[in-house]
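Open the model in a viewer and keep the selection panel at hand. The tour goes from one selection to the next and says what is found at each stop.

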Amino acid sequence: MAMKKFINDPNNLTAELLDGMCTAFADKLTLVNEKLVCRANPKDESKVAIVTLGGSGHEPALQAFVGEGLIDISVVGDIFAAPGPPQVIEALRMMNREAGVLFVVLNHAGDVMSANMAMEMVEAEGLNVRMILTHEDIAPGADAPAEDKRGLVGCIPLYKVAGAAAEAGKSLDEVYAIAERFNDNMATLAVAMKTATHPQNGAEIAQIADDEMEIGMGQHGEAGTGPCKIMTADETAKVMVERLIPAIGAASGDKVLLVVNGSGATTHMEMFIVYRAARKILTDAGIEVACSMVGEYLTVQEMGGFQMFLAKMDDELIDLFNAPCDSPYWTVR
Amino acid sequence: MARTMGPADTLRMIQGGLDEIRANHEELSRLDAATGDGDHGSAMLRAVDAAQKAMQDKAGAPAGEVFQAMAWGMMGSTGGAPGPLFGSFFMGMGAAVGDDDLDCAAVATMFEAGLAKLRKQTKAQPGEKTMIDALVPAVEAVRAAAEADADIDAALARAAAAAAHGAESTKDMLARHGKARNLGERTLGHVDAGATSVACMFKGFSQALAN
């Protein structure tokens, strides 16, 4: 079947989408050297900078979260593919400052390799950069080794708390400690029920039978815990949230951030129905949903499904989550 | 031929590898579609195009510098892991070649340096269904040929055969790295596209020296 997408040359997707995004939000974003999405109004040199990297095809993530109180530079690769070390090094050099740089990397093989190669070089140059790796996917088991756990939507609220801490003038050590505390207390589980096509070659990125869904499927169609028959929103939310709660060790009296992140083809109607079910289970367990996000943040083209995310929050993290920010797809005033 | 080769022949050998990847990129993507995004061939094509451009820009420079420029170009090419991986292989080779004439032992040393640099970037071990499964036997074949006092073109012919055999052997392996890792047993029966790229490249190296 022919690919049904509004595109032009499949080899020019990233360039065209970045041009569109950065001109649509020209007051907030500036595109530098084709691959670096930077803040139009750069952060003061005295503050810690936040740099991240990742493939395109997941819009609005990651680059639409560049802005005040969030990311300073997002280094963009091609569709579902990491940018190369030279572009990452360029971004880290651009942000080089006495206050230092927090470099946020999602655990995907290509991203980690480019990040490690770039870190090796900038450390040799004496740049003050600390790298943090997100790996909150619990599909392989909450206790699986970190290297087996992918970085999913959790990077977005992590940019938020780290970005707010940086904006508040905290030191690199403090910003790193806050980001790492959030990182250590978060978990995501994904579910997919309709596959998506790779926009460059038109191939389906996963196989899912018409009457089935798969919990744990990653954001490039990576296999999860195996297919099962389609369940209702309440049943699906129950299975997922009951795995997420123990993964972050949440108990009665704790406060959490609950995120329902649509994968691209799942409607906001469905997301709110799922959110309601998950929230009820948490509330019944005495866990307070102190912060919420429902919407499309990190998508997988037209994949049907969502990622459910839970993080344990303390008062400082809640304040940072609620602090002002100003990016194309997340603004708090 | 060829007890030794000069920088021009070394780069002609590399050119053969780039050409062979370019001629087979669609097949490489097709192989990758079974266990990955199906974009390996297009990523390799961009990497070799970047290497080609660097080679032209650096025409006349010492071979080691040409290698470094090719490596940097490959690393910065879009398309994910293949560029940085093959780029680091070229970077390691470049640090070993300088601008000298190479005998077969020096060619083996050059490939070993490339492999060592590459293995700093990946934890992949032989038997884990990656490019390592083709590259390690290819590099070992060059060294073995050098120790047996073979000519360079004969050494590369053996390396190409070893790489092809290594790539084929990935069919029976379980993927433990990259996006295919999460597919587990579903990867059995499919050859690894990265290993096939290595086999392609060594086939091109060998053909260029045979001509």
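The stops below cover the two domains of one chain, two helix pairs of the other, and the contact between the chains. The model is a predicted one.

**Stop 1: the domains of chain A**

Colour chain A by its domain assignment: domain 1 covers 10-185 + 323-332, and domain 2 covers 186-314. Taken over C-alpha atoms, the centres of domain 1 of chain A and domain 2 of chain A are 23 Å apart.

**Stop 2: the sheet with β1(A) to β6(A)**

Show chain A as a cartoon and find the open sheet of 6 strands, whose order is β1-β2-β4-β3-β5-β6 with mixed pairing. Which strands stand at the edges? They are β1 (29-32) and β6 (129-134) of chain A; each has a single partner strand, so one side of each lacks a neighbour in the sheet. From one strand to the next, the twist averages 25°.

Next select β5(A), residues 101-106, together with β6(A): the two run parallel and are joined by 6 bridges. For a residue pair to label here, take A:L106, which stands opposite A:T134 in β6(A).

**Stop 3: helices across this sheet**

Add α2(A), residues 85-94. This helix lies across β2 (36-39), β3 (49-56), β4 (73-79), β5 and β6 of chain A, and it runs at about 170° to β4(A). Then add α4(A), residues 155-167, which lies across β3, β5 and β6 of chain A. The angle of α4(A) to β5(A) is about 175°.

**Stop 4: where the domains of chain A touch**

Keep α4(A) selected and add α5(A), residues 172-184. Each of these helices supplies at least two residues of the side of domain 1 of chain A that touches domain 2 of chain A. In total, 23 residues of domain 1 of chain A are in contact with 31 residues of domain 2 of chain A. Colouring the domain 1 side by class gives 14 nonpolar, 5 polar and 4 charged residues.

**Stop 5: the sheet with β7(A) to β12(A)**

Move on to another open sheet of chain A, which has 6 strands in the order β9-β8-β7-β12-β10-β11 and mixed pairing. Its edges are taken by β9 (227-229) and β11 (288-295) of chain A; each has a single partner strand, so one side of each is left without a neighbour in the sheet. On average, neighbouring strands of this sheet are turned by 20° against each other, direction ignored.

Select β7(A), residues 186-194, and β12(A), residues 304-313: they pair in the antiparallel sense over 8 bridges. Label A:T188 and its bridge partner in β12(A), A:F309. Then show α7(A), residues 268-284, which lies across β10 (255-262), β11 and β12 of chain A and runs at about 160° to β10(A).

**Stop 6: α4(B) and α5(B)**

Switch to chain B and select α4(B) with α5(B), residues 104-121. The two helices pack at an angle of about 140°, and their axes are 7 Å apart. That angle makes α4(B) and α5(B) oblique to each other. Their crossing is right-handed. Among the residues that meet are B:L85, B:F89 and B:M93 in α4(B), and B:M110, B:F111 and B:L118 in α5(B). By class, this contact has 15 nonpolar, 5 polar and 1 charged residues.

**Stop 7: α6(B) and α7(B)**

Which way do α6(B), residues 132-147, and α7(B), residues 152-169, pack, and at what angle? The angle is about 155°, with the axes 7 Å apart. This makes α6(B) roughly antiparallel to α7(B). The crossing of α6(B) and α7(B) is right-handed. Show side chains for the contact, which includes B:A134, B:A138 and B:A141 of α6(B) and B:A155, B:A159 and B:A162 of α7(B). The classes here are 13 nonpolar, 3 polar and 2 charged residues.

**Stop 8: chain B against chain A**

Finally, display both chains. Here 26 residues of chain B are in contact with 23 residues of chain A. On the chain B side, the elements that give two or more residues are α1 (7-33), α2 (40-57), α3 (63-76) and α4 (82-97) of chain B. Of these, α3(B) gives the most, with 3 residues. Coloured by class, the side of chain B that touches chain A has 7 nonpolar, 15 polar and 4 charged residues.

Methods
Residues are numbered from 1 along each chain as its sequence is written. Chains are lettered from A and ligands numbered from 1 in the order in which they are written. This is a predicted model: local features need pLDDT of at least 70, side-chain atom pairs count only at pLDDT 80 or more; totals for chains, interfaces and linings use all residues. Two residues are in contact if their C-beta atoms, placed from the backbone, lie within 7 Å. Helices (H or I, at least four residues) and strands (E, at least two) are DSSP runs, numbered from the N terminus. Ala, Val, Leu, Ile, Met, Phe, Trp, Tyr, Cys and Pro count as nonpolar, Asp, Glu, Lys and Arg as charged, and the others, Gly among them, as polar. Two strands pair if DSSP finds at least two bridges between them. Axes are lines fitted to C-alpha atoms, for helices over the stretch in contact, and angles run from 0 to 180 degrees between N-to-C directions. Angles under 35 degrees count as roughly parallel, over 145 as roughly antiparallel, 65 to 115 as roughly perpendicular and the rest as oblique. A crossing is left-handed if the near helix is turned anticlockwise from the far one by less than a right angle, and right-handed if clockwise. Domain bounds come from an automatic or database domain assignment.
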